[in-house]
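Notebook open, viewer loaded. I want to go through a few helices, one loop residue and the aromatic rings.

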Amino acid sequence: MRTAAIVGAGPIGCSVGLALRRHGVVTYLIDTDQEAARRAEVRGAGVAEAPPQPADIAVVAVPPGQVAQVLAQHQRRGTARVYTEVSGVKVRLYQEARAQGCDLTALVAGHPVVGAGGSGPLEAREDLFEGRPWALTPTDATDTPALNCALELVALCGAVSVLLDPEAHDRAVALVSHAPHVIASLAAARLLDGHESAVRLAGQDLRDVTRTADGNLDLWTEILTANAGPVADQLDGWALQAGLLAGELREIAGAGDTVRPERLRETLRFGAAGRARIPEPWDAQRTGHASVHPSERTPT
């Protein structure tokens, strides 16, 4: 890979540019906000202009609802030979791209499983993707050279490619990100009914559980509605398990020690086993100490 066009000079796009330039890739920064593109250029993420000829790959890093339209525009302009993007929901994206008349043979939709601490190029980091999973979701229409180019992009950014079909990707993020965000919001919303004296007893455990509840309202509404079916399936599972557990707890409350808390113990045991499956953050793997990576602050 020799050239890349970054469409969208926010923290993700700028971080891609910084990572690619470490390997000598010539990067071009395109943004409707020219000032953002210039700031990204000052950061060293690339040149704030369109490529003079089709780039090897274009990375569309714009808000999810704009991806298909922006992709169609740049395919018509011939910005690149291969296209990828970084949004968090894939089935709807492919539907919208098809409706826009996009060339799906040249598209490999992607999802680096990171966020960023802010909203501009100054928040970008060249090591943002190091050791992180980066989902790629080719379809039956995807050309093999296009997929190989996307795989090379991910490798140059230091991430680990995970190949999924679009449906499997959306089910996966519903499980590990989207439904947990809703649960965090529900847990935090319960505090609105609590007396001030009760809320003052809140500690780090509650902060950890509700950490994502103050995410960007408009962005999360867009993400959750775009992946509504898989998220609803996950919430149905949560509701069923919560209802069964609540029933057992009510029996215990009424009968005391005469009821064995089997479901409660099972829930706690399975919870510990499920948490043990979560991979350690990359910086914990590197240093041996777990910490909250800055990229964990925004949605995936």
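Before looking anything up I fixed one cut-off: a residue is buried when its relative accessible area is under 20%. Worth jotting down too that this is a predicted model.

**Entry: T142.** I started in the loop between β6 and α5, which is where T142 sits. Is T142 buried or exposed? Its relative accessible area is 13%, so T142 is buried. Next I checked what its side chain reaches. The backbone nitrogen of T139 is 2.9 Å from the side chain of T142. On another side chain–backbone pair, I found a polar atom of the T142 side chain 3.5 Å from the backbone oxygen of L107. Then I listed contacts, skipping neighbours within four places in sequence: L104, T105, L107, V108 and L147 came up for T142.

**Entry: α5.** Moving on to the helix, I wanted to know how its span compares with the expected one. Helix α5 covers residues 144-156, and 13 residues at 1.5 Å a residue should span 18 Å. The end C-alpha atoms are 18 Å apart, so the two agree. Which residues of α5 are buried? I got A146, L147, C149, A150, L153, V154 and L156. L147 I had already met as a contact of T142. The cover over the buried residues of α5 includes α1 (11-21), and also β3 (57-60), β4 (83-85), β5 (107-112), β6 (133-137) and β7 (160-163). Just past the helix, G158 has a positive phi of about 85°.

**Entry: α1.** Since α1 turned up in the cover of α5, I looked at α1 from its own side. How many of its residues are buried? The count is 10 of 11, so I wrote α1 down as mostly covered. The buried ones are P11, I12, G13, C14, S15, V16, G17, L18, A19 and L20. Their cover includes α5, along with β1 (3-7), β2 (26-30), α2 (34-43), β3 and β6.

**Entry: aromatic rings.** For ring pairs I noted the distance of the centres and the angle of the planes, as is usual in describing them. The count is 1 aromatic pair. That pair is F129 with W134, 5.0 Å centre to centre, and with 45° between the planes it goes down as tilted. Are the two partners buried or exposed? F129 has a relative accessible area of 1%, so it is buried. W134 is at 0%, so W134 counts as buried too.

How values were computed
Residues numbered from 1 in each chain as written. Predicted model: local features only at pLDDT ≥ 70, side-chain atom pairs only at ≥ 80, totals over all residues. Heavy atoms only, no water. Helix = DSSP H or I, 4+ residues; strand = E, 2+ residues; numbered from the N terminus. Expected span 1.5 Å × (residues − 1). Buried < 20%, exposed > 50% of the residue type's maximum accessible area, 1.4 Å probe, protein only. Contact = heavy atoms within 4.5 Å. Phe/Tyr/Trp six-rings, centres within 6.5 Å; stacked < 30°, edge-to-face > 60°. Polar contact = N/O pair within 3.5 Å; in protein donor to acceptor, adjacent residues only side chain to side chain.
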